[in-house]
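Q: I'd like a close look at one part of this model and at the residues that hold it in its surroundings. Could you walk me through it slowly, in plain words?

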Amino acid sequence: MGLDLMSKNIYKLKEVADITMGQSPKSEYYNENGDGTPFLQGNSTFRDKYPTIEKFTTKETRISKKNSVLMSVRAPVGEININPLERICVGRGLCSISLHNKQNEYLYYYLKSKQKLIQSKGTGTVFSSINKKDVKNIEIYLPEIREIEARTLPLKLIDDKIENNNAIIANLEEQAQTIFKSWFVDFEPFQEEEFVESELGEIPKGWKIVRFDELIDFKNGFSFKSKEINDTPRNIDDLKVFKMGDIKVGGGINPNKTKSWVTREYVKNNKLEKFIAEKGLLLMCMTDMKNNVRLLGHTALINSSDEYIINQRVGMIKPKLNSSITSSFLYILTNNDKFLSDLRSRANSGVQVNLSTKEIKNSLVILPKDHILNQFNQISEDIFEHRFNLEKQNENLMKIRDTLLPKLMSGEIRVEEAIEVKQTL
């Protein structure tokens with residue numbers, strides 16, 4: 001623990017915190033309609049700091065209260081989030097931890113800094129897990145409140161900036177989707193025009209119905225073998241392997257989800273350069289779980305070149321050369337509810353739900369007149385350039401935070417540095 005090794009203020013969690021191990025209600029009590037108590041089972045909807053709530057339960061089991069730390073106790077062990085709501089029902093695979101002194105933000109960062117140590121405690125031949133005894137015996141250094149606040153301050157400032165940027169990004173996304181729906185689904189600005197029948201219902205006269213394949217070039221990602229992928233980067237210029245889990249529910253990139261890398265040497269030796277993503281490439285999730293279809297068909301728009309290499313079951317989509325279609329138009333289209341619903345209805349269902357390349361290409365798209373498309377392109381391109389800038393800013397902030405985290409939690413960085421960080425944000 002660095003400078004804290006000399007300290008006597010080291011406790012086991014069972015001495016300084018309340019610990020609640022998750023227990024899941026029966027599935028018959030689950031819903032996605034907002035009925036009952038927000039419910040989390042496992043860490044599948046964990047984000048950078050706060051989880052996304054997608055399920056609710058009408059029967060409560062174990063409860064996590066606001067600002068408690070949520071930690072996964074089943075594979076992958078040691079993922080950490082904070083409960084942002086008054087009450088969350090925590091299910092199997094999670095525990096909720098709250099310090100007696102209420103300094104749970106410090107607890108969150110401290111456990112993040114000890115993530116590898118916590119993961120090393122996991123046991124199990126198929127899925128690693130830790131039990132309540134393991135959680136109780138996790139050691140934590142608890143200095144005086146002033147010192148806790150000084151160590152936590154710069155990390156909180158960075159995360160607050162990230163959350164603020166995320167709120168702006170979500171607003172930009174909503175704006176783009178609202179305009180798209182108004183123009184190309186409800187046709188609100190064009191109600192005075194003549195409408196004609198089409199395969200997709202009535203559309204303004206002069207508009208066309210085209211196959212998705214006419215607008216895009218499509219190819220599948222590369223089928224990496226697990227032994228070819230590293231769980232940590234070996235070199236500073238290693239490429240991140242972009243998998244389905246790197247796409248967010250609703251669309252977009254999960255920048256903090258990357259767990260796999262390959263070296264440039266491996267890419268060069270195996271002639272895999274064509275799978276390296278360029279800025280503006282659209283990536284589609286082609287496989288999902290049958291009993292919980294959340295990601296299928298959603299897309300992410302790459303915001304910088306030469307950072308990711310694309311894994312199998314991720315579709316690589318880009319506008320055809322010399323096309324008036326833009327990547328931002330395709331992104332908004334593919335994450336539109338109407339497009340997604342149609343696409344998912346044509347998926348192959350087994351143990352998993354799969355989209356075929358053929359069905360993706362065969363999707364029908366309403367194409368407006370050129371001058372209308374150009375107007376929308378100008379609006380959407382401005383929105384997404386702003387979004388890209390914010391996403392890159394967030395990635396840089398995350399790197400700064402992750403560099404500071406172990407140093408602050410060990411006491412290597414003191415109050416003076418915390419003030420300097422505050423002044424730069």
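A: Let's begin with a term we will need: a residue is called exposed when its relative accessible area is over 50%, buried when that value is under 20%, and partly exposed in between. Lys102 shows how this works: its relative accessibility is 64%, so Lys102 counts as exposed. Please keep in mind that you are looking at a predicted model.

The part I suggest is helix H5, together with the loop that follows it. H5 runs over residues 145–184, which gives it 40 residues. From its first C-alpha to its last it reaches 55 Å, close to the 58 Å expected at 1.5 Å a residue. Look for a bend of about 35° at Leu153, where a proline, Pro154, follows within four residues.

A little further along H5 you will find a salt bridge. Lys156 joins Asp160 there, with their closest N and O atoms 2.8 Å apart. Both residues belong to H5 and are 4 residues apart, about one turn of the helix. Are these two buried or exposed, or something in between? Lys156 has a relative accessibility of 32%, so it counts as partly exposed. Asp160, at 33%, is partly exposed too.

Now follow the chain out of H5 into the loop that leads to strand S12 (195–196). Phe187 sits in this loop. Here is a helpful bit of background: most residues other than glycine have a negative phi. Phe187 has a positive phi of about 55°, although it is not a glycine. Its relative accessible area is 6%, and Phe187 is therefore buried.

Phe190 lies in that loop as well, and it pairs with Trp207, which is found in the loop between strand S13 (203–204) and strand S14 (208–211). In general, a pair of aromatic rings is described by the distance of the centres and the angle of the planes. For Phe190 and Trp207 the centres are 5.1 Å apart and the planes stand at 70°, so this pair is edge-to-face. Their places in the chain are 17 residues apart, so the pair ties together separate parts of the sequence. Both Phe190 and Trp207 are buried.

This pair belongs to a cluster of linked rings. Its members are Phe180, Trp183, Phe184, Phe187, Phe190, Phe195, Trp207, Phe329 and Phe376. You have already met Phe187, with its positive phi, and it is one of the members of this cluster. In the whole structure there are 22 aromatic pairs.

For comparison, here is another of the ring pairs. Tyr331 and Phe384 have ring centres 5.3 Å apart and planes at 75°, so they too make an edge-to-face pair. Tyr331 belongs to helix H7 (residues 327–334) and Phe384 to helix H10 (residues 370–410), so the pair ties together parts that are 53 residues apart in sequence. Tyr331 and Phe384 are both buried.

Let's return to charged residues. The bridge between Lys156 and Asp160 can be set beside others, since the count for the structure is 24 salt bridges. Lys49 and Glu105 form one of them, at 2.6 Å from N to O. This pair links distant parts of the chain, 56 residues apart: Lys49 is in the loop between strand S4 (37–40) and strand S5 (55–57), while Glu105 is in helix H2 (residues 104–113). Lys49 has a relative accessible area of 1%, so it is buried, whereas Glu105, at 22%, is partly exposed.

Arg401 and Asp402 form another bridge, with their closest N and O atoms 3.1 Å apart. Arg401 counts as buried because its relative accessibility is 6%, and Asp402 counts as partly exposed because its value is 42%. Which residues are linked in a network of salt bridges with these two? The network is made of Asp48, Lys49, Glu105, Asp159, Arg401 and Asp402.

Finally, come back to Lys102, where we began. It lies in the loop between strand S10 (94–99) and H2. Its phi is near 70°, a positive value in a residue other than glycine. Phe187 also has a positive phi, but Phe187 is buried, whereas Lys102 is exposed.

Note on methods
Residues are numbered from 1 along each chain as its sequence is written. This is a predicted model: local features need pLDDT of at least 70, side-chain atom pairs count only at pLDDT 80 or more; totals for chains, interfaces and linings use all residues. Side-chain values use heavy atoms; hydrogens and water are left out. Rings of Phe, Tyr and Trp (its six-membered ring) pair if their centres lie within 6.5 Å; planes under 30 degrees apart count as stacked, over 60 as edge-to-face and the rest as tilted. Helices (H or I, at least four residues) and strands (E, at least two) are DSSP runs, numbered from the N terminus. Buried means under 20% relative accessible area, exposed over 50%, partly exposed in between (1.4 Å probe, protein chains only). The expected span of a helix is 1.5 Å times one less than its number of residues. The bend at a residue is the angle between axes fitted to the seven residues ending there and the seven starting there. A salt bridge is a side-chain nitrogen of Lys or Arg within 4 Å of a carboxyl oxygen of Asp or Glu.
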